[in-house]
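The following exercises ask the reader to work from the model to its description. Each task is followed by a stepwise solution.

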Amino acid sequence: MTLSLRGEHLMYSVRGRPLPILDDIEFTAVPGQVTALLGPNGSGKSTLLHILAGVASPTSGQVRLGDRPLQDVPRRERARHLAMMEQASDTDTDLAVADVVALGRLPHRARLDLESPRDVAACTRGLSSVGMTGTEHRRWQTLSGGERQRVHAARALAQEPSVLLLDEPTNHLDIRHQHQLLSLLNQLAGDGLTVVVVLHDLSLAAQYCDRAMVLDSGRVHAAGEIADVLTPTALRQVFGVDAQITRADGRLAVQILGVTAPQPTALPALRDSSPASHAAHR
Ligand SMILES: Nc1ncnc2c1ncn2[C@@H]1O[C@H](COP(=O)(O)OP(=O)(O)OP(=O)(O)O)[C@@H](O)[C@H]1O
C-alpha cells in the first residue's frame with residue numbers, strides 16, 4: 001500500500017516561548033521519493049518529524065496520511081503504516097537484538113499471537129538490509145552507537161511501513177554505512193515507500209534525496225526538488241556557509257568552501273568590554 005504524508009498549516013508553540021517553534025508549515029511527502037528535512041540546529045526539524053509521525057500534536061493545523069486526517073487513523077493502524085526511527089538514544093534495555101527488531105512487528109500481531117513466518121522473515125530482512133545479520137543474540141548494551149542505530153533501522157524496516165520517518169539516522173554511522181543506509185532508503189522509495197529523513201549532511205541529501213524542505217527558525221525557507229532547494233544562496237542565508245554546488249552524471253554534489261558569518265544562535269562574546277569589567281580585572 002502506498003500513502004502520502006502531508007502537513008497542513010502546522011503550528012507548534014510552547015508556553016513561555018514568544019515565537020512558535022513551527023510557523024505555518026505546509027509539507028508534502030509522496031510515495032516513491034525520499035524527502036529530506038534540512039535546517040540548522042533548532043530550526044524545528046525533529047519537532048516537525050514528531051508531529052508528522054503523530055507522536056506530538058500540532059497546536060493547530062493537521063497531518064493527513066493518504067486522504068485521512070492522521071488523528072482519525074486508529075493508533076494500531078497508524079503503527080502499521082508509519083514507522084519512525086528516532087535519534088539513537090541511550091537506553092537501559094537489556095534486550096537481545098532479535099527482540100528489539102521484533103518490536104517492529106507488534107502492530108501486525110494480535111495480542112497473544114506467536115511470531116508468524118512472515119514476522120520472522122520481516123525481521124531477518126530488516127537485519128540483513130542494514131548488514132547486521134548474525135547479531136540476533138547480541139545484547140543491546142554490548143552494541144556500539146552505530147550498531148544500535150542500524151538495529152533501530154532494522155526495527156523500522158521490519159515494521160514494513162508505507163511511510164518511513166527517520167531522524168538523523170546516519171549520525172553514528174561510519175562513511176560506508178551512511179551511504180549504505182541512504183542507498184537503502186532510495187531503494188525503498190523505489191519500491192513505493194514514502195520516506196522522510198532529517199539530515200545534517202547536505203552532501204548526503206544532495207546525493208540521495210529527491211526533494212527537500214529547508215527550515216529556518218521554524219519557517220519554510222524553501223521546499224521542492226532537491227536541486228532547486230540546495231542552492232548556494234540558500235546555504236549562505238540559512239546555514240551561513242559558502243558552497244559550490246555541481247551536477248555531474250545527473251548527481252548533485254555539495255562542496256562547502258567555508259563559513260560566511262556567525263550563526264544567529266552563536267554564543268555571546270566571551271569578553272565583557274564594559275568599564276566595570278575592565279575595572280574588575282585591574
Ligand atoms: N518542549 C519544548 N519546550 C521549549 N522549547 C522546545 C521544546 N521542544 C523544542 N523546543 C525548541 O524548539 C526548537 C526546535 O527544536 P527541534 O529539536 O525541532 O530542532 P532541530 O531542527 O531538530 O534541531 P537539531 O538540528 O539541533 O536536532 C529548539 O530551539 C528547541 O530548543
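**Exercise 1: The surroundings of H5**

Task: Identify what covers the buried residues of H5.

Solution. The cover of the buried residues of H5 includes strand E6 (82-85), helix H3 (97-102), helix H4 (117-129), strand E7 (163-167) and helix H6 (175-190). Here helices (H or I, at least four residues) and strands (E, at least two) are DSSP runs, numbered from the N terminus. The model is predicted: local features require pLDDT of at least 70, side-chain atom pairs count only at pLDDT 80 or more, and totals for chains, interfaces and linings use all residues. Residue numbers start from 1 along each chain as its sequence is written.

Next, consider burial. A residue is buried if 20 or more other C-beta atoms lie within 10 Å of its own, exposed if 12 or fewer, and partly exposed in between, with C-beta atoms placed from the backbone. Eleven of the 14 residues of H5 are buried, among them Val-151, His-152 and Leu-157.

Finally, check the length. The expected span is 1.5 Å times one less than the number of residues. For the 14 residues of helix H5 (residues 145-158) this gives 20 Å, and the end C-alpha atoms are 20 Å apart, which agrees. After H5 comes Glu-160, with a positive phi near 50°.

**Exercise 2: The faces of H6**

Task: Determine how the buried residues of H6 are arranged around its axis.

Solution. First, list the buried residues of H6: Gln-178, Leu-181, Leu-182, Leu-185 and Ala-189. Seen down the helix axis, these buried residues fall within an arc of 95°, so they line one face of H6; the arc is that of the directions from the helix axis to the C-beta atoms. On the other side of H6, Arg-176, Ser-183, Gln-187 and Gly-190 are exposed.

Then find the partners. The buried residues of H6 pack against strand E3 (34-38), H5, strand E8 (194-198) and helix H7 (202-208). H6 is followed by Gly-192, whose phi is positive, near 110°.

**Exercise 3: Tyr-12 and its contacts**

Task: Is Tyr-12 buried or exposed, and which residues does it contact beyond its neighbours within four places in sequence?

Solution. Tyr-12 lies in strand E1 (residues 5-12). Tyr-12 has 22 other C-beta atoms within 10 Å and is therefore buried. Two residues are in contact if their C-beta atoms, placed from the backbone, lie within 7 Å. Leaving aside neighbours within four places in sequence, the contacts of Tyr-12 are Pro-20, Ile-21, Leu-22, Thr-47, Ile-51, Pro-58 and Thr-59.

**Exercise 4: Two aspartates with positive phi**

Task: State where Asp-24 and Asp-249 are found, and classify the exposure of Asp-24 and of Asp-249.

Solution. Most residues other than glycine have a negative phi. Asp-24, however, has a positive phi of about 55°, and Asp-249 has one of about 50°. Asp-24 is found in strand E2 (residues 22-29); with 14 other C-beta atoms within 10 Å, Asp-24 is partly exposed. Asp-249 is found in the loop between strand E11 (241-248) and strand E12 (251-259); because Asp-249 has 5 C-beta neighbours inside 10 Å, it counts as exposed.

**Exercise 5: The ligand shell**

Task: Which residues surround the ligand?

Solution. The ligand is surrounded by Val-14, Arg-17, Ile-21, Gly-39, Asn-41, Gly-42, Ser-43, Gly-44, Lys-45, Ser-46 and Thr-47, where a residue is near a molecule if its C-beta atom, placed from the backbone, lies within 6 Å of it.
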